Amino acid sequence: MPLRDLETWMWAEACEILDRADRLHRQFFRPAVMNAKRPTWEPPIDVYETGYEFKIMIALPGVAPEHLKVILEDDHLIIDGQRHLPNSAEASIRRLEIPYGRFERRIELPAGRFEIGTNELVNGCLLISLRKI
C-alpha cells in the first residue's frame, strides 16, 4: 500500500473512532429522569492517604451542600445526592456534558476504623478527610 493511501486510511480510522467516542459520550450523558430512585451517575474521585488519614476529593460541580449526604457505613464511605438543572424557563438545552440527576459514589475502605474529620464543599469539589482511629 502506498504511503499516501496508508495515511488516508489511518486518518479515516481515527475520525471513525472519534465519532464513535462522541456517540458513546452523548449516550452516557443523556438527560436522566430527575425523580429516579436509583443513581444515574457516579462522580469522579481522587483519594490520598497519609499516615493518619485519607483525603478524598469528589468532583461535584453545581451541587448544593443541602443536596448532599455523606455516610460512613461499615467498610464504605457513601456520597449520595442530586445535581439539579438550572432553573430558567426561557433557556433551552444546547449541550449537556456535566451529568445531573441523582448520584451515588461508594468508596470501599481498607480494613480499619475511621471517622469523618472534615467535610466541606470547595470550588465544586467535596473534600472529606477520614481519620484513622
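Let me start with one residue, Ile79. Setting aside neighbours within four places in sequence, Ile79 contacts Ile58, Leu60, Leu68, Lys69, Phe103, Glu104, Arg105, Ile107, Leu126 and Ile128. Keep that list in mind. We will come back to several of those names.

One caution before going on. This is a predicted model.

Now the overall layout. The protein has one helix and seven strands. Along the sequence the pattern reads α-β-β-β-β-β-β-β. The protein has 133 residues, and 23% of them count as buried. Its exposed area is about 9,800 Å². Carbon and sulfur atoms supply 54% of that area. Then the contacts. Take those in the protein with a separation of 6 or more: 58% of them come from residues 24 or more positions apart.

On to the sheets. Here is the one with three strands. It is open, its order is E3-E4-E5, and the pairing is antiparallel. Strand E3, residues 68–73, is an edge strand, and so is strand E5, residues 101–108. Each of these two pairs on one side only. From one strand to the next, the twist averages 15°.

Look at the E3 and E4 pair. Strand E4 covers residues 76–83. Six bridges join E3 to E4, and the two run antiparallel. For a landmark, find Lys69: its bridge partner in E4 is Asp80. Lys69 was also on the contact list of Ile79.

Next, the sheet with four strands. It is open too, with the order E1-E2-E7-E6 and antiparallel pairing. Which strands stand at the edges? They are strand E1, residues 45–49, and E6. Each has a single partner strand, so one side of each is left without a neighbour in the sheet. Neighbouring strands here are turned by 15° against each other on average, direction ignored.

Take the pairs around E7. Strand E2 spans 53–59 and strand E7 spans 125–132. Seven bridges join E2 to E7, running antiparallel. Glu53 has Arg131 as its bridge partner in E7. On to strand E6, residues 114–122: seven bridges join E6 to E7, again antiparallel. Two landmarks here. Phe114 has Lys132 as its bridge partner in E7. Leu121 stands opposite Leu126 in E7. E6 and E7 form a hairpin with two residues between them. Asn123 sits in that turn and has a positive phi of about 50°.

Let us stay on E7 and pick two residues. Ser129 is in strand E7. Is Ser129 buried or exposed? Ser129 is buried, because its relative accessible area is 6% and the cut-off for buried is under 20%. What does Ser129 touch, not counting residues up to four places away in sequence? The answer is Glu53, Phe54, Glu115, Ile116, Gly117 and Thr118. Thr118 is 11 residues from Ser129 in sequence. In space the two are 5.3 Å apart, C-alpha to C-alpha.

The other residue is Ile128, also placed in strand E7. Ile128 is buried, with a relative accessible area of 2%. Beyond four places in sequence, Ile128 contacts Phe54, Lys55, Ile56, Ile58, Val70, Leu77, Ile79, Ile116, Thr118 and Asn119. Consider Phe54 from that list. Phe54 and Ile128 are 74 residues apart along the chain, yet their C-alpha atoms are separated by 8.1 Å.

That leads to the core. The largest nonpolar core has 16 residues. Which of them have the most contacts inside it? Those are Leu60, Leu77, Ile79, Ile128 and Leu130. Both Ile79 and Ile128 are there. The elements giving two or more residues to this core are E2, E4, E5 and E7.

Last topic, cysteines. A disulfide is a covalent bond between the sulfur atoms of two cysteines. How many disulfides does a search of the whole structure find? Zero. As for exposure, Cys15 is partly exposed, with a relative accessible area of 30%. Cys125 is buried, at 16%.

To close, back to where we began. Ile79 and Ile128 are in contact, and both are among the residues with the most contacts inside the largest nonpolar core.

Terms used
Residues numbered from 1 in each chain as written. Predicted model: local features only at pLDDT ≥ 70, side-chain atom pairs only at ≥ 80, totals over all residues. Heavy atoms only, no water. Buried < 20%, exposed > 50% of the residue type's maximum accessible area, 1.4 Å probe, protein only. Contact = heavy atoms within 4.5 Å. Areas by Shrake-Rupley, 256 points an atom, 1.4 Å probe, with all protein chains shown as cover. Pairing = 2+ DSSP bridges. Axes fitted to C-alpha atoms, helices over the stretch in contact; angles between N-to-C directions. Disulfide = S-S within 2.5 Å. Core = buried A, V, L, I, M, F, W, Y, C linked by side-chain atoms within 4.5 Å.
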